[in-house]
Amino acid sequence: MCIRDRFQIQQIDARGGTNMEIGFNQAVEMLTASEINPEYEHRIFFLTDAMPNQGTSDSGGLLSLNKAAAQQKIYTTFFGVGLDFNVSLIETISKTTGCCYYSIHNEKDFKLY
């Protein structure tokens with residue numbers, strides 16, 4: 001990760017909503033904008049509580065986004081954060097090639113990954 005990326009991550013702040021669709025689409029756009037080498041797999045690391053309340057929030061729509069990315073060899077690892085992590089949603093939308101998820105319940109779990 002370069003310094004520019006770290007700076008951008010540090011600029012993220014809570015705005016009272018979870019829009020998984022926008023976050024996912026922006027990650028795909030970042031990867032596709034940087035000439036994807038077809039010899040390699042590319043991966044999105046998605047930290048979420050999986051409680052979307054804005055944008056596409058149904059499992060079918062989010063699964064479609066994930067499948068479309070996988071067709072471009074862009075795979076996703078979801079890290080479920082928080083005690084109210086919506087495992088059911090992530091189990092459904094991660095049922096596609098190259099996708100997986102982990103639940104993080106505390107700081108110790110986070111350090112393992």
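A patch, as the word is used here, is made of residues with over 30% relative accessible area and no salt bridge, nonpolar side chains being joined within 5 Å. In this predicted model, Phe45, Leu47 and Val81 make a nonpolar surface patch of about 290 Å². Valine 81 has a relative accessible area of 35% and is therefore partly exposed, and this residue belongs to strand 2, which covers residues 74–81.

Strand 2 is part of an open sheet, in which three strands are arranged in the order 1-2-3 with parallel pairing. The edges of the sheet are formed by strand 1 (42–48) and strand 3 (100–104), each of which pairs on one side only, and the twist from one strand to the next averages 20°. In general, the strands of a sheet pair through backbone hydrogen bonds, in either a parallel or an antiparallel manner. Between strand 2 and strand 3, the parallel pairing extends over five bridges, and glycine 80 stands opposite serine 103 of strand 3.

The cysteines were examined for disulfides, a disulfide being a covalent bond between the sulfur atoms of two cysteines. The structure holds zero disulfides. For cysteine 99, the closest cysteine sulfur is that of cysteine 100, at 6.3 Å, which is too far for a bond, because a disulfide requires a pair of cysteine sulfur atoms within 2.5 Å. The surroundings of these residues were also described by accessibility: cysteine 99 counts as buried, with 15% relative accessibility, whereas cysteine 100 is partly exposed, with a relative accessible area of 26%.

Terms used:
Residues are numbered from 1 along each chain as its sequence is written. This is a predicted model: local features need pLDDT of at least 70, side-chain atom pairs count only at pLDDT 80 or more; totals for chains, interfaces and linings use all residues. Side-chain values use heavy atoms; hydrogens and water are left out. Patches are made of residues with over 30% relative accessible area and no salt bridge: like charges are joined within 9 Å, nonpolar side chains (Val, Leu, Ile, Met, Phe, Trp, Tyr) within 5 Å. Accessible areas come from the Shrake-Rupley method with a 1.4 Å probe; for residues, only the protein chains shown count as cover. A salt bridge is a side-chain nitrogen of Lys or Arg within 4 Å of a carboxyl oxygen of Asp or Glu. Helices (H or I, at least four residues) and strands (E, at least two) are DSSP runs, numbered from the N terminus. Buried means under 20% relative accessible area, exposed over 50%, partly exposed in between (1.4 Å probe, protein chains only). Two strands pair if DSSP finds at least two bridges between them. Axes are lines fitted to C-alpha atoms, for helices over the stretch in contact, and angles run from 0 to 180 degrees between N-to-C directions.
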